[in-house]
Amino acid sequence: MPPPSGQIDAALASTRADFRLRARSAGESADQADAHWIDVHRHGRKRSERDINQRTNENGTIKFTLGLGDGHESESVILPMTGRTGRERLTLCLSSQVGCALGCGFCETAAMGFIRNLTVAEIIDQWHVARFRLDAAISNIVFMGMGEPMENLDAVLEAIRILTDRSGPGIAPSRIAVSTVGRIAGIRKYTDFMTHPDFRRVRLAVSINAPNPDIRRELMPVTKADPMPDLHAAMSDWIKAGGKPILVEYVLIPGVNDDEDHPRQLAQWLDKLDCRVNVIPYNPRRNSPWPAPDECTVTSFVDSLRDRGCRVHRRKTLGRNVMAACGQLGNQHIRRKTPLRVPGD
Ligand code: SF4
């Protein structure tokens, strides 16, 4: 018999241990609770009345939005990516918030302002829809959709505990990455989480996007609250605590951060950090003041970083025509009108 819907909702938001515990303290059978939890997460038995809007582009990138019941939506993207072995894997990019308060100049979500955090169940639900409704064999997860995950870190960490449970979704911790624009308190808390033996191999990605503090402050107001030297220290401490090499993201924007001296400055800043740089050609958001970079600029930027000893990967542009590419998530119909403030600014 399927579990009652209230229990399914609770199972979505709980780790297996917590779900068992709650059942026990309510005088219910812990074993039955366990079976319900596994049924929900392993076989996708859950209510599925959420509105799903789905768009696919010619590269196989799928963007989908889920109605949240309060008029808002989460947005997620499934990206086909070829791994180092040449095998194609599906990466699910999850949102952690509706909108975002941090106001990065290149980002579509920033134009919405911050609306609210997603709950643990709403984060997990994105994986459920991808896995069981869209039938996508997801092998990698990145918290890189709408919102700054470090601003909703408790819910993100709880979601990681659920996603990595071998009796449930069973995603390997090494295949989960949390991407931040550099919220230092969040990086430090995530570092503590990573030192737990079960989560040793989770990944950290940091969007740097600038070769020096002046450009970064212009592009990413968060730099005023979390300056680059402190960010560098938090990233070094991640490595010292045993974290895997950091994925450093650099969105290449014509006329902003693509000067011929910028690779030198970036390589200098990254010196001694165990990291890999992902160069992402800018995807123009709506009403963008900047175009996408030309191929020649991207190639010479990547080569110049490589010549300076950086490990570099050039990200393929996926999903641009469905507004699913990096920095392009965000519902254009729910723009907030009030000016943005950076927390801690
Ligand atoms: S890039 Fe990330 S942190 Fe910056 S505004 Fe967009 S969603 Fe927020």
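Okay, let's start with helix α4, residues 120-133, which lies across β1, β2, β3, β4 and β7. Against β3, the helix runs at about 50°. Keep in mind that this is a predicted model; the mean pLDDT of the protein is 88, with 87% of its residues at 70 or more.

So how far does α4 reach from its first C-alpha to its last? For its 14 residues we get 19 Å, close to the 20 Å expected at 1.5 Å a residue. And is this helix mostly covered or not? Mostly covered: 11 of the 14 residues are buried. If you're following on the screen, the buried ones include V120, I123, I124, W127 and A130, and a few charged or polar names are on that list too, among them E122, D125 and Q126. In general, an α-helix has 3.6 residues a turn, so residues three or four places apart point the same way. Right after α4 comes D135, with a positive phi near 60°.

Now the sheet that α4 lies across. It's an open sheet of 10 strands, in the order β1-β2-β3-β4-β7-β8-β9-β10-β11-β12, and the pairing is mixed. Which strands sit at the edges? Those are β1, residues 52-56, and β12, residues 312-314, and each of them pairs on one side only. On average, neighbouring strands here are turned by 25° against each other, ignoring direction.

For the antiparallel part, look at β3, residues 73-82, and β4, residues 88-94: they are joined by 6 bridges. There you'll find I78 standing opposite L92 in β4.

For the parallel part, go to β9, residues 203-207. Why do we call β9 largely enclosed by the rest of the structure? Because 4 of its 5 residues are buried. On one pairing, β9 goes with β8, residues 176-180, in the parallel sense over 4 bridges, and S179 has A205 in β9 as its bridge partner. To get from β8 to β9 the chain passes through helix α6, residues 184-194, and that β-α-β crossover is right-handed. β9 also pairs with β10, residues 246-252, again in the parallel sense, over 3 bridges. Here S207 has E249 in β10 as its bridge partner.

One last thing, about confidence. Where does pLDDT stay under 50? Over residues 334-345, and for that stretch the model has 22 contacts beyond four places in sequence.

Definitions and conventions. Residues are numbered from 1 along each chain as its sequence is written. This is a predicted model: local features need pLDDT of at least 70, side-chain atom pairs count only at pLDDT 80 or more; totals for chains, interfaces and linings use all residues. Two strands pair if DSSP finds at least two bridges between them. Helices (H or I, at least four residues) and strands (E, at least two) are DSSP runs, numbered from the N terminus. Axes are lines fitted to C-alpha atoms, for helices over the stretch in contact, and angles run from 0 to 180 degrees between N-to-C directions. Two residues are in contact if their C-beta atoms, placed from the backbone, lie within 7 Å. The expected span of a helix is 1.5 Å times one less than its number of residues. A residue is buried if 20 or more other C-beta atoms lie within 10 Å of its own, exposed if 12 or fewer, and partly exposed in between; C-beta atoms are placed from the backbone. pLDDT is the predictor's confidence in each residue, from 0 to 100. A crossover is right-handed if, with the strands pointing away from the viewer, the path from the first strand over the helix to the second runs clockwise.
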